[in-house]
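Let's walk through a metal site together, starting from one of its residues and working outward. Have the viewer ready.

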Amino acid sequence: MSAFIVLGAQWGDEGKGKMTDYLAEEADVVVRFQGGNNAGHTVEVEDKQYKLHLIPSGVLYDTKLNVIGNGVVVDPKALFEEIDYLEGLGVKVTPEKLMISDRAHLIMPYHRVLDKLKEQARGKNDIGTTGKGIGPCYTDKFERSGIRVCDLLHKEVFVEKLKVNVEAKNEYITNVLHGEALSFEEIYNDYIAYEERLRPYVQDTSVKVYEAIKSNKQVLFEGAQGMLLDIDYGTYPYVTSSNTTAGGVSNGVGVGPTMITNAVGIAKAYTTRVGKGPFPTELENETGDWIREKGREFGVTTGRARRCGWLDLVILKTTVRVCGLTSLAVTKIDTLAGLEKIKVCVGYKFNGTIIDYFPASLEDLAKCEPVYEEFDGWDESVADARSYDEIPENAKKYLKRIEEITDTRISIVSVGPRRDQTMRIAEL
Ligand code: GDP
Ligand code: IMO
Ligand code: MG
């Protein structure tokens, strides 16, 4: 029996899509447990590139079951656009290959509108959301006025819930946010059309995943975003609206924590962040620009330039602790190739002492000064490495130090975007 988690150990975009696709080879089921189409997961297979947002990254295999769990927020419009995009690239997305939880909440057009208008209203204090309606949808979920997939399958329930919601949202949108009212009829007609297409994919996915684990199938839980975007443990309020940490799996799928065997944290060899919020090791200089260009650090979902900085082991230590990581997968060591010196943050200087945990208060975080260790760089040959022995010595020293400081083994090293540029060096 094996059920393992693959999650982002930093601020997202660590290479979760690539790693999930790589590890899906040995899995039978790939499950998304939180987030929605705010995610942008890139998978490269041979010379083809696939950009996934809502659909699990196991979809490129014909033999794997992909599950969108109850903790995910599902925008049906975005879902069908993604299915059409994948089918256009020759990837089949049939109800045998993709199942969607009947308990998942639906992103509605007013959630997208609210996301944008609320960001505008925040002015200079905006969060820099992806504008996909994620926050407003989770708000309704927890406020208990949300519309779930199972509601859409019951037309009379859907009509009632939609009426109440459109009325309430229109009042808020027009009177408080000074936006334009949405049409009930338009939304109703669109969603009734989506229902017909959605119905074959809908299942009680908790039952399916439980049965898979019980029958010794390998189940991979694919995280979206990253540990520091977690609603509880991230840099609040500059976070997303779900639990991106390992704890999110149980609630977001409906499987008990005792059924999960391993948790792999995906960490880039440096750090990036999109959107606003604190970033202690950010490089707002030529080195940061160099990393952005070399690593092609531009958002998959919004196209925004990602902020870049040195690797921060205070962050990784926090992820190891909060998520109970059993191993780390380190990506993009090829991007750093060519730098003469590379720095790694090993602690923060805070109020005269050195700390190695991530403070809750942003005001405290602002006072933290990274303490760096410096490493000699390595050359471009790293991208050709296909076994651990072939990795340049200086890069090995870098990886060893990550293991030492985080007290966690590295199970996978990635030296390029493709499936074949990946090395499994230890147990997950
Ligand atoms: P995700 O959101 O965590 O799935 O990551 P993204 O897909 O948003 O961003 C990661 C980017 O890095 C993608 O363009 C990947 O193709 C690419 N990538 C992943 N691993 C590596 C690697 O080891 N080296 C290089 N150069 N690119 C990588
Ligand atoms: P993947 O899965 C990086 C960021 C947004 C913003 C904050 C809140 O590709 O790693 P939201 O739209 O979720 O309310 O935005 O979270 N964000 C991400 N940053 N990678 C992602 O996903 C992200 N999903 C959301 O930029 O700062
Ligand atoms: Mg991404």
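Leaving aside its neighbours within four places in sequence, which residues is glycine 40 in contact with? Keep in mind that this is a predicted model. The contacts of glycine 40 beyond that sequence window are Asp13, Leu52, His53, Val300 and Thr301. As for its place in the fold, glycine 40 sits in the loop between E2 and E3. Its relative accessible area is 11%, which is under the 20% cut-off, so glycine 40 counts as buried.

Now pick Asp13 out of that contact list. Aspartate 13 belongs to the loop between E1 and H1. With 21% relative accessibility, aspartate 13 is classed as partly exposed. Setting aside neighbours within four places in sequence, aspartate 13 touches Gly40, Lys268, Thr272, Val274 and Arg306.

What do these two have to do with the metal? Asp13 (OD) and Gly40 (O) are the protein donors of the magnesium ion (ligand 3), at 2.0 to 2.1 Å from it. Aspartate 13 comes from the loop between strand E1 (2–8) and helix H1 (16–24), and glycine 40 from the loop between strand E2 (29–32) and strand E3 (41–45), so the pair ties together parts that are 27 residues apart in sequence.

The database record mentions the pair too: an unreviewed UniProt entry lists Asp13 and Gly40 under "binding site". These positions spread over 28 residues of sequence, yet they cluster in space, with a largest C-alpha distance of 7.6 Å. Asp13 and Gly40 are also included in the lining of the largest pocket.

Definitions and conventions:
Residues numbered from 1 in each chain as written. Chains lettered and ligands numbered in written order. Predicted model: local features only at pLDDT ≥ 70, side-chain atom pairs only at ≥ 80, totals over all residues. Heavy atoms only, no water. Donors = N, O, S within 2.8 Å, 3.2 Å for Na, K, Ca; no water. Helix = DSSP H or I, 4+ residues; strand = E, 2+ residues; numbered from the N terminus. Buried < 20%, exposed > 50% of the residue type's maximum accessible area, 1.4 Å probe, protein only. UniProt positions renumbered as here; feature names shortened; annotations may be inferred. 1 Å grid on protein atoms, 1.4 Å probe; cavity = no way out; pocket = protein on both sides within 12 Å on 5 of 7 lines; lining within 4 Å. Contact = heavy atoms within 4.5 Å.
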